[in-house]
Amino acid sequence: MPSIIGLQNLKNRLYCRSAVICSRFMSFTIASSVSFEEDIKKSRFQAIAAPVENEQDIKNFLELHKDSTTTHQCWAWKIGHNVRFNDDGEPSGTAGRPILASIEGNELNNIIVLVNRWYGGIKLGTGGLVRAYGGCAGQCLLLAEKIELVEKKKVSFSCQFNEWAIFQYELNQQHIEFQEQYTATGVQVDALLQVHQIGPLALKIQDISRGREQLKIVEEPEHD
């Protein structure tokens with residue numbers, strides 16, 4: 001018969017293996033906005049990173065941090081499988097792509113990183129620019145607190161006026177973001193749910209409405 005020590009070692013190996021497998025499927029973002037600055041050959045570089053959930057968040061971020069005093073404002077973002085980057089006048093591939101490489105090297109998602117440059121009069125060359133933009137972004141991300149990214153889905157459902165109080169209480173109890181719109185026949189609700197919350201809410205909607213209403217998942221268009 002296997003010894004107690006042998007069984008414990010086997011249990012430990014299985015636990016470690018399962019932890020590695022789970023970590024491969026976990027995704028992370030950053031808890032809040034963070035920034036980092038450094039001077040490289042008289043040019044000042046400033047990196048600002050922030051969590052984002054959609055392209056409207058990205059537009060708002062870039063608008064907020066628009067700065068006419070900078071020489072270049074280069075950025076990269078990643079949301080799910082979608083990525084974008086911008087060299088903003090720097091030689092192609094020397095700014096936006098290195099910033100994106102820093103994002104992916106840190107295994108982050110739902111994030112944007114902007115690197116501002118104030119030119120100081122000394123050219124850095126192609127390699128120098130890649131190291132400057134990628135390095136500044138990387139240093140910025142090292143300062144950020146990583147948190148597990150919880151997948152969310154947009155959903156919608158309708159209910160009658162006399163049912164709304166029940167659903168409103170349930171949504172508030174689960175700390176679910178929602179918006180309601182009153183119509184002539186009842187209440188239309190749009191909400192943002194964590195994936196594990198979808199099933200229980202769908203069942204509750206069917207139960208309360210006696211099968212009249214169903215929870216609908218709002219499909220968002222994919223971007224190339």
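The exercises below work through the sheets, helices and selected contacts of one predicted protein model.

Residues are numbered from 1 along each chain as its sequence is written. Since the model is predicted, local features need pLDDT of at least 70, side-chain atom pairs count only at pLDDT 80 or more, and totals for chains, interfaces and linings use all residues, while side-chain values use heavy atoms, with hydrogens and water left out.

**Exercise 1. Overall content**

Task: State how many helices and strands the protein has, and what share of its residues is buried.

Solution:
- Step 1. Helices are DSSP runs of H or I with at least four residues, strands are runs of E with at least two, and both are numbered from the N terminus. The protein has six helices and 11 strands.
- Step 2. Buried means under 20% relative accessible area, exposed over 50%, and partly exposed in between, with a 1.4 Å probe and protein chains only. Of the 224 residues, 36% are buried.
- Step 3. A contact means heavy atoms within 4.5 Å. Among contacts with a separation of 6 or more, 66% come from residues 24 or more positions apart.

**Exercise 2. The sheet of five strands**

Task: Find the strand order of the open sheet of five strands, and name its edge strands.

Solution:
- Step 1. Strands of a sheet pair through backbone hydrogen bonds, either parallel or antiparallel. Here two strands count as paired if DSSP finds at least two bridges between them.
- Step 2. The order is β2-β3-β6-β4-β5, and the pairing is antiparallel. The edge strands β2 and β5 (82–86) each pair on one side only.
- Step 3. Direction ignored, neighbouring strands are turned by 10° against each other on average. Such angles are taken between lines fitted to C-alpha atoms, for helices over the stretch in contact, and run from 0 to 180 degrees between N-to-C directions.
- Step 4. Strand β2 (residues 34–40) is joined to β3 by seven bridges, with I48 of β3 as the bridge partner of S35. Two residues lie between the strands of this hairpin, where K41 takes a positive phi near 50°.
- Step 5. Eight bridges connect β3 with strand β6 (residues 111–118), and A47 stands opposite V115 in β6.
- Step 6. Strand β4 (residues 72–79) pairs with β5 over five bridges, and W77 has R84 in β5 as its bridge partner.

Task: Why is strand β3 described as largely enclosed?

Solution: Strand β3 covers residues 43–51, and seven of its nine residues are buried, so the rest of the structure largely encloses β3.

**Exercise 3. Two helices and the sheet**

Task: Describe how α3 and α4 meet each other.

Solution:
- Step 1. Two packed helices are described by the angle between their axes and the distance between the axes. For α3 (residues 96–105) and α4 (residues 125–143), the axes come within 8 Å and cross at roughly 30°.
- Step 2. The crossing of α3 with α4 is right-handed, which means that the near helix is turned clockwise from the far one by less than a right angle; anticlockwise would be left-handed.
- Step 3. P98, I99, S102 and I103 of α3 meet V130, Y133, G134, A137, G138 and L141 of α4.
- Step 4. Helix α4 lies across β2, β3, β4 and β6, at about 145° to β2.

**Exercise 4. An aromatic pair**

Task: What is the geometry of the ring pair F45 and Y133?

Solution:
- Step 1. Rings of Phe, Tyr and Trp (its six-membered ring) pair if their centres lie within 6.5 Å; planes under 30 degrees apart count as stacked, over 60 as edge-to-face and the rest as tilted. This rule gives three aromatic pairs.
- Step 2. The ring centres of F45 and Y133 are 5.2 Å apart and the planes stand at 90°, so the pair is edge-to-face.
- Step 3. F45 belongs to strand β3 and Y133 to helix α4, so the pair ties together parts 88 residues apart in sequence.
- Step 4. Both F45 and Y133 are buried.

**Exercise 5. A loop residue**

Task: Is N109 buried or exposed?

Solution:
- Step 1. N109 is in the loop between α3 and β6.
- Step 2. Its relative accessibility is 11%, so N109 counts as buried.
- Step 3. Leaving out residues up to four places away in sequence, N109 touches S27, F28, T29, K78, I79, G80 and L149.

**Exercise 6. The sheet of four strands**

Task: Which helices pack on the open sheet of four strands?

Solution:
- Step 1. The strand order is β9-β10-β8-β11, with antiparallel pairing.
- Step 2. Strand β8 (residues 152–159) is joined to β11 by two bridges, and S156 stands opposite K216 in β11.
- Step 3. Helix α5 (residues 161–173) lies across β8, β9 and β10 (187–194), at about 165° to β9.
- Step 4. Helix α6 (residues 195–208) touches β8, β10 and β11, and its direction makes about 150° with that of β10.
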